[in-house]
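Trainee: I am new to this structure and should like to understand the terms used for it. May I ask how each one is justified?

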Amino acid sequence: MVRRSIFSVTLFLFTIVTCLLLFHAPVMAGKIKLNYANFPPAPTFPCVQMERWKVEVEKRTNGQVQINTFPGGTLLGAKGMMDGVIAGQSDIGNICMAYQPGRFIVTNATSLPLGIKDAKKGSLALLKLYEKYQPKAFKDVVVLAMFTNAPGNVMSKVPVRTLADIKGLDLRASGGAAQILKAWGANPVGMPMPATVEALQKGTVKGLFSSLEVMKDFKFAENCKYVTMTETVLYPFSVIMNKAKWDSLPKDVQKVMMDLKEEQSLWTGNYMDEQIKKSIAWSKEVNNVEFITLSAGEKAKWAGKLDFITEKWIAGAKEKGLPAEEIIKDIIAFAQ
Ligand code: DTR
């Protein structure tokens with residue numbers, strides 16, 4: 001009798017546990033759904049890093065979180081990204097801060113000609129800068145990652161070997177990069193990266209100033225047969241989340257995302273640096289692009305034209321009450 005009732009209890013418990021596993025698990029999986037908006041096309045580096053973040057978060061939360069990604073501006077475009085995320089049109093979004101120069105004064109200082117060598121160093125410097133100064137521009141969102149592209153070069157339809165060649169040339173650039181082009185005598189034309197494809201095809205611009213992975217990712221090498229190695233200017237990016245949505249997440253999910261912040265930023269910097277190497281090889285081999293190295297004398301002339309830019313930024317930032325010199329010193333130190 002006792003043995004029979006032990007058996008019944010065991011069977012009962014076994015049935016309950018099996019039911020829980022069978023029916024409860026799928027309900028738990030994907031319980032939290034988050035939308036993640038991005039502005040450029042899927043194969044470009046901001047979207048590749050987005051897919052990597054999605055995979056890692058889903059894995060590290062054991063499927064408790066499901067991320068739905070929207071590349072190519074299908075949910076929010078480049079310029080509406082920040083306000084769209086604040087308003088909750090998307091839970092998460094990726095912004096390029098250079099597209100709104102006046103809004104992100106502290107973090108956009110990483111766009112100054114400070115000699116940062118690559119995207120890995122740039123990404124770490126940007127993240128550390130953000131962590132130290134906690135700029136007001138981000139007070140309505142939660143930052144999930146920060147990264148930069150690699151130093152920019154001039155990609156053009158005509159060869160640019162001297163300052164005389166760049167004078168008056170219509171080149172696409174935004175934010176700090178536009179200021180640099182102007183200082184070299186070019187005519188900067190501002191527009192987000194995705195709009196550049198058509199502008200180049202139509203001839204509205206004769207080239208662009210950005211990191212070289214775009215030669216391959218956007219197939220610019222088919223139009224721009226020349227690259228002048230200027231190796232200056234980074235564009236800072238940030239992945240941001242709607243604050244109310246963040247507050248609604250369980251603590252363990254928040255922890256997964258925060259633990260991923262620095263790793264994701266560095267991963268993206270590394271990925272970018274590797275893509276540059278592949279893009280250069282592809283541009284040379286498949287598209288016969290000429291890479292122009294400036295002579296030491298010419299390079300010094302180009303660099304000399306940029307000296308005033310950081311000075312000007314310092315004066316403007318001081319007027320706004322920011323510790324401008326300390327910010328510049330920090331960026332240089334963080335990027336070593
Ligand atoms: N250079 C910035 C940012 C940038 C670099 N590569 C990509 C790819 C996709 C979007 C933006 C960027 C720019 O020129 O906009």
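Mentor: Please note that this is a predicted model. Let us begin with a contact between two helices: Ala119, Lys120, Ser123, Leu124, Leu127, Tyr130 and Glu131 in H4 meet residues of H10, namely Lys261, Glu262, Ser265, Leu266, Gly269, Asn270, Met272 and Asp273. By class, this contact of H4 with H10 holds six nonpolar, four polar and five charged residues.

Trainee: What makes H4 roughly antiparallel to H10?

Mentor: The axes of H4 and H10 (residues 251-287) cross at roughly 150° and come within 7 Å. Angles over 145 degrees count as roughly antiparallel, and H4 is therefore roughly antiparallel to H10. The crossing of H4 past H10 is right-handed.

Trainee: Why are H4 and H13 called oblique to each other?

Mentor: Helix H4 (residues 119-133) packs against helix H13 (residues 324-334) at an angle of about 140°, and their axes are 9 Å apart. An angle over 145 degrees would count as roughly antiparallel, 65 to 115 as roughly perpendicular and under 35 as roughly parallel. The angle fits none of these classes, so H4 and H13 are oblique to each other. Their crossing is right-handed.

Trainee: Which residues of H4 and H13 meet?

Mentor: From H4 come Ala125, Lys128, Leu129, Lys132 and Tyr133, and from H13 come Glu326, Ile327, Asp330, Ile331 and Phe334. The contact of H4 with H13 divides into six nonpolar, no polar and four charged residues.

Trainee: How do you know that H12 and H13 are oblique to each other?

Mentor: The axes of helix H12 (residues 307-319) and H13 cross at roughly 135° and come within 8 Å. That angle is not over 145 degrees and lies outside 65 to 115, so H12 and H13 are oblique. Thr310, Trp313, Ile314, Ala317 and Lys318 of H12 make the contact with Ala324, Glu325, Ile327 and Ile328 of H13. By class, six of these residues are nonpolar, one is polar and two are charged.

Trainee: Which residues are closest to the ligand?

Mentor: The ligand is surrounded by 15 residues, of which the closest are Tyr99, Arg172, Ser210, Glu213 and Tyr235.

Trainee: What makes the approach of Asn149 to the ligand a polar contact?

Mentor: A polar side-chain atom of Asn149 lies 3.2 Å from a nitrogen atom of the ligand. A polar contact requires a pair of N or O atoms within 3.5 Å, so this pair qualifies. Under that cut-off, Glu213 qualifies too, with a side-chain N or O atom 2.6 Å from a nitrogen atom of the ligand. For Tyr99, a side-chain N or O atom is 2.4 Å from an oxygen atom of the ligand.

Terms used:
Residues are numbered from 1 along each chain as its sequence is written. This is a predicted model: local features need pLDDT of at least 70, side-chain atom pairs count only at pLDDT 80 or more; totals for chains, interfaces and linings use all residues. Side-chain values use heavy atoms; hydrogens and water are left out. Axes are lines fitted to C-alpha atoms, for helices over the stretch in contact, and angles run from 0 to 180 degrees between N-to-C directions. Helices (H or I, at least four residues) and strands (E, at least two) are DSSP runs, numbered from the N terminus. A crossing is left-handed if the near helix is turned anticlockwise from the far one by less than a right angle, and right-handed if clockwise. Contact means heavy atoms within 4.5 Å. Ala, Val, Leu, Ile, Met, Phe, Trp, Tyr, Cys and Pro count as nonpolar, Asp, Glu, Lys and Arg as charged, and the others, Gly among them, as polar. A residue is near a molecule or strand if one of its heavy atoms lies within 4 Å of it. A polar contact is a pair of N or O atoms within 3.5 Å; within protein, one must be able to donate a hydrogen and the other to accept it, and residues adjacent in sequence count only if both atoms are side-chain atoms.
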